[in-house]
Amino acid sequence: MDQVRAIAKVIWEQRFWVLSVLGLIVGVVCWKLASGNLDAQFGTRKSAIDGMFTQMDGLKNKPVHPNPAVIEEDQKQVTEQTEIVQAVWKDLYNKQKDSVLKWPKELGPQFISYIEKLKFRDDINSSMRSVYQNYIGKRFDGLLEIVDAQKLVEGSSVGGRGGYGGEGGYGRGGGIDPAMAEKDYLVQWPEQDKLRTKLSFREAKPSALQIWVTQEDLWVYETLLNVIAKTNEARGATRPDNTAIHTILALEVGAGAAQGMQTAGQIYMPAGGAGDPSAGGGEYGGERGGYGGEGAGGYGGERGGEYGGGEYGGYTGEAGGDPAAVDATLLASRYLDDAGAPIADGTVGAEYRQLPVRMNLVIDQRYIPRLLIECANSPLPIEVKQIRINPEQSMAGFGGQGGSPGMVTGSGGGPLDPIYAQVEIKGSVFIYNEPTSDPAAAPAVDDGQMAAAQ
């Protein structure tokens with residue numbers, strides 16, 4: 001007890017310092033408690049403010065804010081645009097169907113009624129395939145009439161020695177059809193037998209796919225020939241020496257025309273003038289290669305080209321006429337994708353098929369713009385992607401050692417007017433498929449987005 005009194009007496013005597021230390025301790029504890037609470041409140045409020053800034057940035061970057069009214073209007077616009085696209089698609093398809101994509105009346109009402117119920121690549125029964133086989137064998141002369149071309153003996157454009165007017169005339173084993181020798185004409189077409197062979201089925205009854213592809217080719221070839229005919233008509237051509245387009249060197253549709261088309265929008269023009277034999281590598285159809293040359297390479301060599309009228313000819317290729325083997329390769333690289341590259345397996349989109357085309361012509365250079373206008377205005381519009389003027393001079397030569405347009409002869413057998421040039425045009429034709437019955441559905445609204453908008 002005495003010790004407690006002694007301690008209490010000391011504390012009392014030193015009460016100033018004791019109370020000062022106690023007050024300091026209490027103050028420090030209270031400051032600590034208060035500052036900790038403020039830090040917690042500051043962190044909470046800072047996070048809330050940062051979150052609001054993040055939300056604002058998110059709203060600013062969203063094309064459609066999570067607002068029920070905006071979402072509803074957006075869906076409405078999507079539906080309207082879908083209907084517009086559907087209407088345009090239907091209009092394009094109907095225009096092509098009414099003007100170009102019509103099955104020839106020569107096939108008969110029964111065949112037409114049957115085939116119009118089918119879609120591209122559908123099966124065709126055996127009797128109808130026979131009807132088409134009989135028709136296509138007689139169609140080629142009608143193609144010549146479109147451009148008023150001089151008809152050659154069948155098999156004469158497989159390739160001879162020399163080019164136009166050289167040994168063998170227009171090629172080995174023939175020349176001008178005797179029945180047509182006295183008939184007036186406008187256009188020379190030395191390699192016409194390649195197309196004749198391509199559009200025929202001589203080995204066996206064609207498969208359904210061969211018929212679909214052949215008729216599609218026929219529509220496109222008719223389009224190309226009408227472009228040539230209208231270009232000549234624009235000049236008022238009445239004889240071979242006053243035509244805008246004097247000679248058809250080559251017409252190709254499909255895989256053979258697809259090579260080198262990935263780069264669009266190019267015009268290749270040589271430094272030398274048109275019709276200058278010294279600028280090229282010889283005459284059209286040199287001894288080896290060129291157009292109608294005897295050796296390897298070129299169009300119509302001894303073994304023919306990919307689709308040429310050579311040893312294998314037509315669509316049959318090395319398959320030897322076996323329909324199953326032909327169908328396996330018929331669509332390979334036939335169509336182009338959106339980038340202009342060949343589609344290896346022939347798979348196309350639902351809207352259209354983009355088919356590559358190539359024309360190689362001898363043309364009055366003044367009418368090249370007119371030719372391009374006719375390409376754009378044709379019922380199956382031709383999208384021109386590449387033009388080469390005198391290609392054997394402006395780029396790598398065609399067919400080996402063949403070359404210049406200088407040896408193409410005029411109507412009197414003399415040199416052709418230097419105003420004529422060889423022009424190669426590569427492009428594509430869009431063939432629209434029949435529109436689907438139902439327009440594409442508008443995208444569904446995300447449930448989370450709609451909930452956030454409430």
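Which residue forms a salt bridge with Glu-216? In this predicted model, the partner of Glu-216 is Arg-334, and the closest N and O atoms of the two lie 2.7 Å apart.

## The Glu-216 salt bridge and its network

Glu-216 belongs to helix 8, whereas Arg-334 sits in the loop between helix 9 (323–330) and strand 3 (352–364), so the salt bridge ties together parts of the chain that are 118 residues apart in sequence. Glu-216 is buried, with a relative accessible area of 1%, and Arg-334 is buried as well, with a relative accessible area of 2%.

The pair also takes part in a network of salt bridges, in which Glu-216 and Arg-334 are linked with Lys-198, Asp-217 and Arg-353. The structure as a whole holds 18 salt bridges.

## Helix 8 and its packing against helix 6

Helix 8, which runs over residues 208–235, has 28 residues and reaches 41 Å from its first C-alpha to its last, close to the 40 Å expected at 1.5 Å a residue. Of these 28 residues, 23 are buried, so helix 8 is largely enclosed by the rest of the structure. The residue that follows helix 8 is Gly-236, which has a positive phi, near 75°.

Helix 6 (residues 140–147) packs with helix 8 at an angle of about 25°, the two axes being 8 Å apart. Since angles under 35 degrees count as roughly parallel, that makes helix 6 roughly parallel to helix 8. On the helix 6 side the contact is made by Leu-143, Ile-146 and Val-147, which meet Leu-218, Glu-222, Leu-225, Asn-226, Ile-228 and Ala-229 in helix 8. By class, the residues of this contact divide into seven nonpolar, one polar and one charged.

## Two further salt bridges

The side chains of Asp-141 and Lys-151 meet in a salt bridge with an N to O distance of 3.1 Å. Asp-141 lies in helix 6 and Lys-151 in the loop between helix 6 and helix 7 (192–198), so this pair ties together parts that are 10 residues apart in sequence. The two partners fall into separate accessibility classes: Asp-141 is partly exposed, with a relative accessible area of 33%, while Lys-151, at 16% relative accessibility, counts as buried.

Within helix 7, Asp-193 forms a salt bridge with Arg-196, and their closest N and O atoms are 2.7 Å apart. Because Asp-193 and Arg-196 are three residues apart in this helix, about one helical turn separates them. An α-helix has 3.6 residues a turn, so residues three or four places apart point the same way. Both Asp-193 and Arg-196 are buried.

## Ile-136 and its contacts

Ile-136 is found in helix 5 (residues 126–136) and is buried, with a relative accessible area of 3%. Its C-alpha atom is separated by 6.7 Å from that of Leu-199, although the two residues are 63 residues apart along the chain. When neighbours within four places in sequence are left aside, Ile-136 is in contact with Leu-199, Phe-201, Thr-214 and Leu-218. Leu-218 is also one of the helix 8 residues met by helix 6.

## The chain as a whole

The protein chain has 12 helices and five strands, and buried residues make up 42% of its 454 residues. Among contacts between residues at least 6 apart in sequence, 77% join residues at least 24 apart.

Technical notes:
Residues are numbered from 1 along each chain as its sequence is written. This is a predicted model: local features need pLDDT of at least 70, side-chain atom pairs count only at pLDDT 80 or more; totals for chains, interfaces and linings use all residues. Side-chain values use heavy atoms; hydrogens and water are left out. Axes are lines fitted to C-alpha atoms, for helices over the stretch in contact, and angles run from 0 to 180 degrees between N-to-C directions. Helices (H or I, at least four residues) and strands (E, at least two) are DSSP runs, numbered from the N terminus. Angles under 35 degrees count as roughly parallel, over 145 as roughly antiparallel, 65 to 115 as roughly perpendicular and the rest as oblique. Contact means heavy atoms within 4.5 Å. Ala, Val, Leu, Ile, Met, Phe, Trp, Tyr, Cys and Pro count as nonpolar, Asp, Glu, Lys and Arg as charged, and the others, Gly among them, as polar. The expected span of a helix is 1.5 Å times one less than its number of residues. Buried means under 20% relative accessible area, exposed over 50%, partly exposed in between (1.4 Å probe, protein chains only). A salt bridge is a side-chain nitrogen of Lys or Arg within 4 Å of a carboxyl oxygen of Asp or Glu.
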